[in-house]
Amino acid sequence: MSIEVNGKKVEWVKNETVEKLLKRMKYTFPLVVVKINDKVVPRKDFSYVKIPDKSTVAVIHMISGG
Amino acid sequence: MDKVKYDKIRKKLKDTSIGIAGLGGLGSNAAVSLARAGIGRLVLVDFDKVEEKNLGRQYYFIEHIGRSKVDSLKEIIEKINPQVKLVIHNLKLEKGKMEKPFKDVNVVIEALDNAETKTIFIEEILTKLPKKPIIAASGVAGYGNSDRIKTKRLGNLFMCYDGQAKSSDDDVLMAPRVSIMANWEANLALEIILGEDK
């Protein structure tokens, strides 16, 4: 019962949404691209998409500048 | 120089089209590098005009101040490599149809400045053009710390990434680091098109 977030193994929490996982991981940057098992999760879906057990989650912070 | 390898690469690049969203420090420098490398076609998108403060890191000249970035960059690239086919769009990418100018390119380069716009753009390309490789950059601000920059790959998203850099709102933007990131993006584009250089 675990998931992998940015290469780190963390506990899987039942019914946890993307939004809640970001909070738990203390990812404070508001602007991120999130992929679950290589599939992009649109930001508007963060509040209800649940993290499946054993999934691989990638969170990319975007920082201003260009 | 390896003439056989060079000819093969030249032919492949000539048949390649790359789209660049944003022609600031990242986009203008990446475009010039790719034009010099011999990319056949570039799709360039920006809505801004060149300002004096841009000259500290963007590939423009004093004479371009007040003119649109797309026209200025077209003029510059035509002086470097007139063989490149240039498609320019003087427009602001609009949420909901950001992928439009990039439908027929082989690779998309994200070269925008604001973190929120960057994220929205990447998300739109990944969801609406799921087969299209997209290269993005995050963490260009500051100076030094070149070794912190890494390439991160997530499926078709290739990130030129420094997760420890500060936002440009709280830091400085300087030509050397911005140019490294711009050319990192351009170099990644070549690698995607040509395959790994073994």
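A residue is buried if 20 or more other C-beta atoms lie within 10 Å of its own, exposed if 12 or fewer, and partly exposed in between. The exercises below apply this to a predicted model.

**Exercise 1.** Decide whether Asn15(A) is buried or exposed, and say where it lies.

Solution.
- Step 1: Count the neighbours. Asn15(A) has 7 other C-beta atoms within 10 Å.
- Step 2: Compare with the cut-off. Exposed means 12 or fewer, so Asn15(A) is exposed.
- Step 3: Locate the residue. Asn15(A) sits in the loop between β2 (8-11) and α1 (18-24) of chain A.
- Step 4: Check the backbone. Asn15(A) is not a glycine, yet its phi is positive, about 65°.

**Exercise 2.** Do the analysis for Asn145(B): is it buried or exposed?

Solution.
- Step 1: Asn145(B) has 12 other C-beta atoms within 10 Å.
- Step 2: The limit for exposed is 12 or fewer, so Asn145(B) is exposed.
- Step 3: Asn145(B) belongs to the loop between β5 (134-138) and β6 (150-154) of chain B.
- Step 4: The phi of Asn145(B), a residue other than glycine, is positive and near 50°.

**Exercise 3.** Describe the surroundings of strand β1 (residues 17-21) of chain B.

Solution.
- Step 1: Four of the five residues of β1(B) are buried, so the strand is largely enclosed by the rest of the structure.
- Step 2: β1(B) pairs with β2(B) (residues 41-46) in the parallel sense over five bridges. From β1(B) the chain passes through helix α2(B) (residues 25-37) to β2(B), a right-handed β-α-β crossover.
- Step 3: β1(B) also pairs in the parallel sense with β4(B) (residues 107-110), over four bridges.
- Step 4: Gly19(B) stands opposite Val43(B) in β2(B) and opposite Val108(B) in β4(B).

Technical notes: Residues numbered from 1 in each chain as written. Chains lettered and ligands numbered in written order. Predicted model: local features only at pLDDT ≥ 70, side-chain atom pairs only at ≥ 80, totals over all residues. Helix = DSSP H or I, 4+ residues; strand = E, 2+ residues; numbered from the N terminus. Pairing = 2+ DSSP bridges. Right-handed = clockwise from strand over helix to strand, strands pointing away.
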